[in-house]
Amino acid sequence: KAACTTEIEQFCKDVPHGDGRVIRCLQDAKDEKDFGKACKDEIAAYEEEISKDYRLNYRLRTACENDVASLCPMSCGDADGLDVCGGKVLRCLTDKLDSIKDEACQKEVTYFEKM
């Protein structure tokens, strides 16, 4: 957040905080001319991290909860007592995009594909 203070004020000042809205605003604005390198680097690191586990992406996790349970129930497994998902759920949702019932989930998966 500290790396993006200027960008939040410049591009996202009217975006309410919470539910991942500010980070989405920053993602949408990252290619703007005046977007700072430090913030762009933070956004890139965030996107790389969330690509590893859908649960780290608040919007995707909440919008797709039911579709993950119905379409991708075996995508997360238990390896030596650790809950391991990696990018398996995201790959599953991407592969089954046409079968996703929740419109918000479809939008989030489509957005993720474009990152």
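This report walks through the disulfides, one helix and a few ring contacts of the structure above. The model is a predicted one.

**Disulfides**

A good place to begin is with the cysteines. A disulfide is a covalent bond between the sulfur atoms of two cysteines. The count for this model comes to four disulfides, and three of them are described here, among them the pair of C12 and C25.

| Disulfide | S to S distance |
|---|---|
| C12 and C25 | 2.1 Å |
| C64 and C105 | 2.0 Å |
| C72 and C92 | 2.0 Å |

Let us take C12 and C25 to start. Their link is left-handed, with -95° about the S-S bond. It connects distant parts of the chain: C12 sits in the loop between α1 (5-11) and α2 (21-29), while C25 belongs to helix α2, and the two are 13 residues apart. Both cysteines, C12 and C25, are buried.

Next come C64 and C105. Here the torsion about the S-S bond is about 105°, so this disulfide is right-handed. C64 is found in the loop between α4 (58-63) and α5 (65-71), and C105 in helix α7 (residues 103-114); this pair also links distant parts of the chain, 41 residues apart. C64 and C105 are buried as well.

Then there is the pair of C72 and C92. The torsion about their S-S bond is -90°, and the link is left-handed. C72 lies in the loop between α5 and β1 (77-79) and C92 in helix α6 (residues 88-95), so the disulfide ties together parts that are 20 residues apart in sequence. Are these two cysteines buried or exposed? C72 has a relative accessibility of 3%, so it counts as buried. C92 is buried too, with a relative accessible area of 11%.

**Helix α2 and its surroundings**

Helix α2 brings back a familiar residue, C25, which is one of its buried residues along with V22, R24, L26, Q27 and A29. What covers them? The cover of the buried residues of α2 includes α1, α3 (37-52), α4 and α7.

One of those covering helices, α3, holds C39. With a relative accessibility of 0%, C39 counts as buried. Leaving aside residues up to four places away in sequence, C39 touches A3, C4, E7 and L26. L26 is itself among the buried residues of α2. For a sense of distance, C39 and S75 are 36 residues apart in sequence, and their C-alpha atoms are 32 Å apart in space.

**Rings**

How many aromatic pairs does the model have? The count comes to one aromatic pair. Its members are F11 and F35, whose ring centres are 5.6 Å apart and whose planes meet at 35°, so the pair is tilted. F11 is in helix α1 and F35 in the loop between α2 and α3, which puts the partners 24 residues apart, in distant parts of the chain. The two rings can also be described by their accessibility. F11 is partly exposed, at 24% relative accessible area, whereas F35 is buried, at 7%.

Another ring, that of Y111, has a charged neighbour: R24 lies over the face of Y111, at 3.5 Å from the ring centre. R24 is one of the buried residues of α2, so with this contact we return to the helix that also holds C25.

Conventions: Residues numbered from 1 in each chain as written. Predicted model: local features only at pLDDT ≥ 70, side-chain atom pairs only at ≥ 80, totals over all residues. Heavy atoms only, no water. Disulfide = S-S within 2.5 Å. Helix = DSSP H or I, 4+ residues; strand = E, 2+ residues; numbered from the N terminus. Buried < 20%, exposed > 50% of the residue type's maximum accessible area, 1.4 Å probe, protein only. Contact = heavy atoms within 4.5 Å. Phe/Tyr/Trp six-rings, centres within 6.5 Å; stacked < 30°, edge-to-face > 60°. Lys NZ or Arg CZ within 6 Å of the ring centre and 35° of its normal.
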